[in-house]
Amino acid sequence: MIELHITNEFSRLRSVILGSAKSNGPTPKLEDAYDPKSAQHIKKGTYPVEKDMIDEMEAVAAVFKKYEVEVYRPEIIQDYNQIFTRDIGFVIEDKFFKANILPDREDEFTAIEKIWSQIPKEKRIQFPEEVHIEGGDVMPHGDYIFVGTYREDDYEKYITARTNMAAVSYLQELFPQKIIKSFNLRKSSTIPEDNALHLDCCFQPIGKGKCIIHKRGFLEEEEYEWLVDFFGKDNCFHIDKTEMYHMNSNIFSISEEVIISERNFTRLNKWLRSQGFTVEEVPYFEISKQEGLLRCSTMPLRRD
Ligand SMILES: NC(=O)NCCC[C@H](N)C(=O)O
């Protein structure tokens with residue numbers, strides 16, 4: 001049986017599922033892209049190639065090895081994108097939730113069914129059909145669960161709106177003792193700089209009571225202000241539009257002190273080090289072209 005325990009984004013990591021870029025398939029057709037940044041790279045002819053993405057993910061695997069984190073990988077589905085394992089499910093406390101993901105990505109879960117089956121049945125949770133939810137929008141944080149959503153009437157119009165308010169209500173029913181705090185996110189199907197695809201694309205708590213945040217990712221200023229008050233102004237590292245585009249908020253914590261980050265995130269990495277964090281830099285630029293980064297490609301199973 002696999003042991004589960006997740007209550008935040010940064011306690012010492014013990015086991016994790018890391019996605020895979022193997023047999024990722026050829027460059028998708030433009031009409032098959034489901035995020036604006038991938039579409040941009042398909043159009044420009046700069047969509048990432050498999051070999052480069054495999055190398056990038058192996059660099060992350062090497063960091064996990066260094067810190068003795070147990071790593072599970074999905075089984076390989078022929079010619080199918082399985083990089084962003086974060087979104088297909090998530091762990092809160094000792095329960096493993098199967099996400100109700102975008103239909104284009106539905107088959108990704110079959111590749112982790114062997115892992116899922118090693119979890120006690122009563123700890124495996126599935127959502128009703130009307131709930132849309134992806135792991136990139138879900139962040140347990142002690143007594144809170146932060147959830148990215150899109151509350152506007154044109155929800156159906158956006159392929160980039162992945163978590164609805166039915167998910168927020170359902171999580172509140174499942175965790176009556178927790179505060180489910182939802183955030184209305186800015187969406188665009190065509191402009192990556194205007195698209196907070198998931199909550200982790202514009203915000204993430206890290207150790208030492210700090211967080212990384214992009215104001216314009218939030219549609220409601222008061223929800224952004226709520227987070228700034230919650231963490232304290234001096235504990236927030238604000239990223240701009242371009243830094244959000246490059247996915248600076250999507251780094252990944254191994255512990256309160258150690259963070260895996262992209263090697264080109266110069267300003268962020270400098271700030272992290274100035275705050276006493278150890279930064280493990282990896283190359284992840286090619287993967288970032290698909291509008292996801294380190295948090296998106298990892299699904300933590302157990303933290304201390
Ligand atoms: N948590 C995340 O933000 N995941 C990134 C998913 C990127 C992928 N191209 C998608 O649109 O689903």
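**Note on the strand 12-13-14 sheet and the packing around it**

1. Strand 12 and strand 13 are joined as a hairpin, with 4 residues between them. Strands here are DSSP runs of E with at least two residues, helices are runs of H or I with at least four, and both are numbered from the N terminus. The model is predicted: local features need pLDDT of at least 70, side-chain atom pairs count only at pLDDT 80 or more, and totals for chains, interfaces and linings use all residues. Residue numbers start from 1 along each chain as its sequence is written.

2. On confidence, the mean pLDDT of the protein is 98, and 100% of its residues reach 70 or more; pLDDT is the predictor's confidence in each residue, from 0 to 100. For the complex, the predictor gives an ipTM of 0.96 and a pTM of 0.98.

3. The hairpin belongs to an open sheet of 3 strands, in the order 12-13-14 and with mixed pairing. Strand 12 and strand 14 stand at the edges with a single partner strand each, so one side of each has no neighbour in the sheet. Two strands count as paired if DSSP finds at least two bridges between them.

4. The two pairings of strand 13 can be read residue by residue. Strand 12 (residues 252-253) pairs with strand 13 in the antiparallel sense over 2 bridges, and phenylalanine 252 stands opposite isoleucine 260. Strand 13 pairs with strand 14 (residues 278-282) in the parallel sense over 5 bridges. In that parallel pairing, serine 261 has glutamate 281 of strand 14 as its bridge partner, and valine 258 stands opposite threonine 278. From strand 13 the chain crosses through helix 7 (residues 266-274) to strand 14, a β-α-β crossover that is right-handed; that is, with the strands pointing away from the viewer, the path from the first strand over the helix to the second runs clockwise.

5. Strand 13 (residues 258-262) is largely enclosed by the rest of the structure, because 4 of its 5 residues are buried. A residue is buried with 20 or more other C-beta atoms within 10 Å of its own, exposed with 12 or fewer, and partly exposed in between, the C-beta atoms being placed from the backbone.

6. Valine 282 is in strand 14, and this residue is buried, with 22 other C-beta atoms within 10 Å. Apart from neighbours within four places in sequence, valine 282 is in contact with Glu56, Ala59, Val60, Val63, Ile260, Glu262 and Arg263; contact means C-beta atoms, placed from the backbone, within 7 Å. Glutamate 58 is 224 residues from valine 282 in sequence, and the C-alpha atoms of the two are 9.6 Å apart.

7. The largest nonpolar core has 70 residues, and those with the most contacts inside it are Val16, Val147, Leu199, Cys202 and Ile260. Such a core is a set of buried Ala, Val, Leu, Ile, Met, Phe, Trp, Tyr and Cys residues joined through C-beta atoms within 7 Å. Beyond four places in sequence, the contacts of valine 147 include Ala167, Val168, Leu171, Ile180 and Leu199, as well as Thr163.

8. Helix 4 (residues 165-174) has Ala167, Val168 and Leu171 buried. Down the helix axis, the buried residues fall within an arc of 100 degrees, so they line one face of helix 4; the arc is that of the directions from the axis to the C-beta atoms. The buried residues of helix 4 pack against strand 7 (144-149) and strand 8 (179-184).

9. Threonine 163 lies in the loop between strand 7 and helix 4. This threonine is buried, with 29 other C-beta atoms within 10 Å. Threonine 163 and threonine 149 are 14 residues apart in sequence and 5.0 Å apart from C-alpha to C-alpha. Other residues that threonine 163 touches, leaving out those up to four places away, include His132, Ile133, Glu134 and Asp137.

10. Two loop residues deserve a check of their backbone angles. Glutamate 68 has phi near 55 degrees, a positive value in a residue other than glycine. Glutamate 68 is in the loop between helix 2 (50-66) and strand 2 (70-72), and is exposed, with 8 other C-beta atoms within 10 Å. Lysine 208 also has a positive phi, near 60 degrees, and is likewise a residue other than glycine. Lysine 208 sits in the loop between strand 9 (203-206) and strand 10 (210-213), and counts as exposed with 12 C-beta neighbours inside 10 Å.

Key
Two residues are in contact if their C-beta atoms, placed from the backbone, lie within 7 Å.
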